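Open the structure in your viewer and keep the selection box at hand. This tour goes stop by stop, telling you what to select and what you will find there.

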There are 2 protein chains.
Amino acid sequence: MRSSYQDIKADVLNRIRQNIWPPGANLPGEIELAEEFGCARATVNRAMRELVDEGILERKRKAGTRVKSFPTRKARFTIPLIREEIESTGAAYRYALVDREVIAVPGWLSAQVKIPRNGQVLHLRCMHFASNKPYQLEDRWINLTAIPKAEKQDFEVIGPNEWLVREVPFSEADLSFSATSATQEIADFLDQKEGDAVFTAERTTWLDEDNITHARLYFSQGYKMTTKL
Amino acid sequence: MRSSYQDIKADVLNRIRQNIWPPGANLPGEIELAEEFGCARATVNRAMRELVDEGILERKRKAGTRVKSFPTRKARFTIPLIREEIESTGAAYRYALVDREVIAVPGWLSAQVKIPRNGQVLHLRCMHFASNKPYQLEDRWINLTAIPKAEKQDFEVIGPNEWLVREVPFSEADLSFSATSATQEIADFLDQKEGDAVFTAERTTWLDEDNITHARLYFSQGYKMTTKL
DNA sequence: TGCTAGAATAAATATAGACATAAGAAAAAG
DNA sequence: CTTTTTCTTATGTCTATATTTATTCTAGCA
């Protein structure tokens with residue numbers, strides 16, 4: 001019958017959909033399934049591992065494999081470069097630096113992230129436009145203790161996000177999304193009214209133990225982050 | 001040296017961080033790496049596949065493996081059951097059905113999703129509370145043509161999300177997140193003011209070709225969706 | 001009864017070898 | 001010189017087998 005791991009995945013999913021294996025059900029062991037599908041155990045194993053990864057199954061050694069009773073699936077978002085995100089819609093991308101300053105770490109930032117108390121940060125504000133309409137306001141702090149070479153960049157032509165992604169590798173990042181009310185200032189930048197709902201992303205990036213950068217991204221009205229799962 | 005696939009992943013990541021393999025660089029073939037790490041090709045292969053999955057590497061047959069020049073990493077969100085999400089914070093979860101009606105498919109909905117024009121839908125509005133404070137307003141439509149048994153459920157005790165997740169398997173779902181302004185009605189439910197920024201999730205769920213359900217979830221002020229990557 | 005040490009088991013990982021497949025590179029044909 | 005065909009190569013997948021590890025189960029002991 002020669003089943004590939006993809007066939008097996010599809011087959012298992014079908015059986016779950018048809019309630020042959022209802023939520024919570026224990027499914028046969030790998031050896032048994034391998035015999036049924038006429039393939040090696042490793043092939044079954046790969047199929048199962050991927051289904052675990054997708055949040056469909058649970059596995060425990062000795063206990064076996066079961067269908068998750070509450071299948072909390074996992075959504076994946078690709079965090080794209082803004083330029084690519086905009087250009088993929090067919091719109092023209094334009095970048096502009098609003099202001100740039102080197103300052104001592106503000107208190108709220110040093111509290112939130114591990115930057116030496118007397119360290120310096122590069123604070124940037126930038127606008128990203130799609131076909132000349134405001135798309136995103138980027139409010140970014142770069143830790144100059146960790147990335148001293150950032151001070152030499154003027155960021156007039158290339159945005160900090162793009163520069164960082166290309167120049168500075170990172171190990172971890174925290175991301176959060178929320179809805180905030182536009183302050184007068186933010187509203188001005190985004191061409192909206194004060195108090196308007198703004199989709200806001202916050203991102204902190206680390207290289208091992210060092211905080212590299214922190215950014216707040218304010219998206220203009222109508223922005224939707226979408227995915228499939 | 002006996003390396004596991006996890007060691008190899010870590011090692012490759014380190015070399016990328018140390019700019020031994022800068023963005024865009026071609027890395028050695030699997031056989032070569034297997035020799036270097038003193039392991040089988042399959043082990044290297046698994047490490048590499050996972051790094052591709054995480055958005056660090058790109059691979060092409062014949063062309064080989066390279067470090068992505070713009071490493072757009074992939075964030076993963078686990079979409080939890082609200083009850084679990086709330087209980088995990090230590091708060092008490094409470095559910096309440098606000099209203100329930102069986103109606104003909106509204107125009108905007110039938111346009112958006114594939115439901116027969118004269119089909120019926122079950123429209124529900126529910127509240128989810130965390131320690132008696134409003135947490136989420138759920139505005140849900142269930143396609144009764146696809147899921148007739150939903151009509152027999154009263155949804156007084158168990159929420160539609162929880163019921164659907166347990167009773168109805170699905171194949172695909174579209175998800176989107178945005179920031180919207182609270183209407184007077186939504187504000188009342190969430191104990192906020194009209195015009196406040198509301199984090200909104202919209203979800204459409206499919207089983208093969210049939211639309212099963214569509215939901216809009218309005219989160220109360222201060223909600224943040226977070227993840228690591 | 002309750003606890004613990006050990007046996008049993010299923011998944012997790014690793015290996016060497018094989019064939020399949022996509023796509024770049026080189027050779028042949030026009 | 002361009003197009004087409006063939007060759008080559010690196011990854012993709014699969015197999016059969018072995019070892020390791022986390023857990024459950026059980027039997028023996030206090």
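## Stop 1: Aromatic pairs

This is a predicted model. Across all chains, a search of the whole structure turns up 20 aromatic pairs.

Select Phe77(A) and Phe177(B). Their ring centres are 5.8 Å apart and their planes meet at 55°, so this pair is tilted. Phe77(A) belongs to strand E4 (residues 74-78) of chain A and Phe177(B) to strand E8 (residues 172-181) of chain B, so the pair joins two chains.

Buried or exposed: which is Phe77(A)? Phe77(A) is buried, at 3% relative accessibility. Phe177(B) also counts as buried, at 4%.

Next, select Tyr135(B) and Phe219(B). Here the ring centres lie 6.2 Å apart with planes at 75°, so the pair is edge-to-face. Tyr135(B) sits in strand E7 (residues 133-143) of chain B, and Phe219(B) in strand E10 (residues 210-219) of chain B, so the contact ties together parts that are 84 residues apart in sequence. Tyr135(B) is buried at 17% relative accessibility. Phe219(B) is buried at 5%.

Now widen the selection. From chain A, take Phe77(A), Tyr135(A), Phe177(A), Phe199(A), Phe219(A) and Tyr223(A). From chain B, add Phe77(B), Tyr135(B), Phe177(B), Phe199(B), Phe219(B) and Tyr223(B). Together they form one aromatic cluster.

## Stop 2: Charges over rings

Select Trp108(A) and Arg216(A). Arg216(A) lies over the face of Trp108(A), 5.2 Å from the ring centre.

Move to chain B and select Tyr5(B) with Arg46(B). The charged end of Arg46(B) sits over the ring of Tyr5(B), at 3.9 Å from its centre. Keep Tyr5(B) in mind for the last stop.

## Stop 3: Salt bridges

Side chains of opposite charge can pair when their charged atoms come close. How many salt bridges does the structure hold over all chains? There are 38.

Begin with Lys9(A) and Glu50(A). The closest N and O atoms of this salt bridge are 2.9 Å apart. Lys9(A) is in helix H1 (residues 5-17) of chain A and Glu50(A) in helix H3 of chain A, so the bridge ties together parts that are 41 residues apart in sequence. Lys9(A) is buried, with a relative accessible area of 15%.

Go on to Arg125(A) and Glu185(A). They form a salt bridge whose closest N and O atoms are 3.0 Å apart. Arg125(A) lies in strand E6 (residues 120-130) of chain A and Glu185(A) in helix H7 (residues 184-190) of chain A, so the pair links parts that are 60 residues apart in sequence. Arg125(A) counts as buried at 15% relative accessibility. Glu185(A), at 42%, counts as partly exposed.

Now select Glu202(B) and Lys224(A). Their closest N and O atoms are 3.4 Å apart, and they form a salt bridge. This pair crosses between chains: Glu202(B) is in strand E9 (residues 197-207) of chain B, and Lys224(A) is in strand E11 (residues 224-228) of chain A. Glu202(B) is buried at 12% relative accessibility, whereas Lys224(A) is partly exposed at 41%.

Return to Lys9(A) and add Arg46(A), Glu50(A) and Glu54(A). Salt bridges that share partners join these residues into one network.

## Stop 4: DNA strand C

Show DNA strand C and the 21 residues around it. Which come nearest? They are Arg59(A), Arg61(A), Ser4(B), Tyr5(B) and Thr43(B).

Zoom in on the polar contacts. Arg59(A) has a polar side-chain atom 2.4 Å from a phosphate oxygen of DNA strand C. Thr65(A) places a polar side-chain atom 3.3 Å from a phosphate oxygen of the strand. Over in chain B, a side-chain N or O atom of Arg61(B) is 3.1 Å from a sugar or linking oxygen of DNA strand C.

Colour by element of secondary structure. In chain A, helix H3 (41-53), strand E2 (57-60) and strand E3 (64-67) each give two or more residues to the surface near DNA strand C. In chain B, helix H1 (5-17) and helix H3 (41-53) do so. H3(B) gives the most, with four residues.

Finally, colour this surface by residue class. Its residues divide into four nonpolar, seven polar and 10 charged. On the DNA side, 76% of the strand C atoms within 4 Å of the protein belong to sugar or phosphate, and the rest to bases.

Key:
Residues are numbered from 1 along each chain as its sequence is written. Chains are lettered from A and ligands numbered from 1 in the order in which they are written. This is a predicted model: local features need pLDDT of at least 70, side-chain atom pairs count only at pLDDT 80 or more; totals for chains, interfaces and linings use all residues. Side-chain values use heavy atoms; hydrogens and water are left out. A residue is near a molecule or strand if one of its heavy atoms lies within 4 Å of it. A polar contact is a pair of N or O atoms within 3.5 Å; within protein, one must be able to donate a hydrogen and the other to accept it, and residues adjacent in sequence count only if both atoms are side-chain atoms. Ala, Val, Leu, Ile, Met, Phe, Trp, Tyr, Cys and Pro count as nonpolar, Asp, Glu, Lys and Arg as charged, and the others, Gly among them, as polar. Rings of Phe, Tyr and Trp (its six-membered ring) pair if their centres lie within 6.5 Å; planes under 30 degrees apart count as stacked, over 60 as edge-to-face and the rest as tilted. Buried means under 20% relative accessible area, exposed over 50%, partly exposed in between (1.4 Å probe, protein chains only). A charge sits over a ring if NZ of Lys or CZ of Arg is within 6 Å of the ring centre and within 35 degrees of the ring normal. A salt bridge is a side-chain nitrogen of Lys or Arg within 4 Å of a carboxyl oxygen of Asp or Glu.
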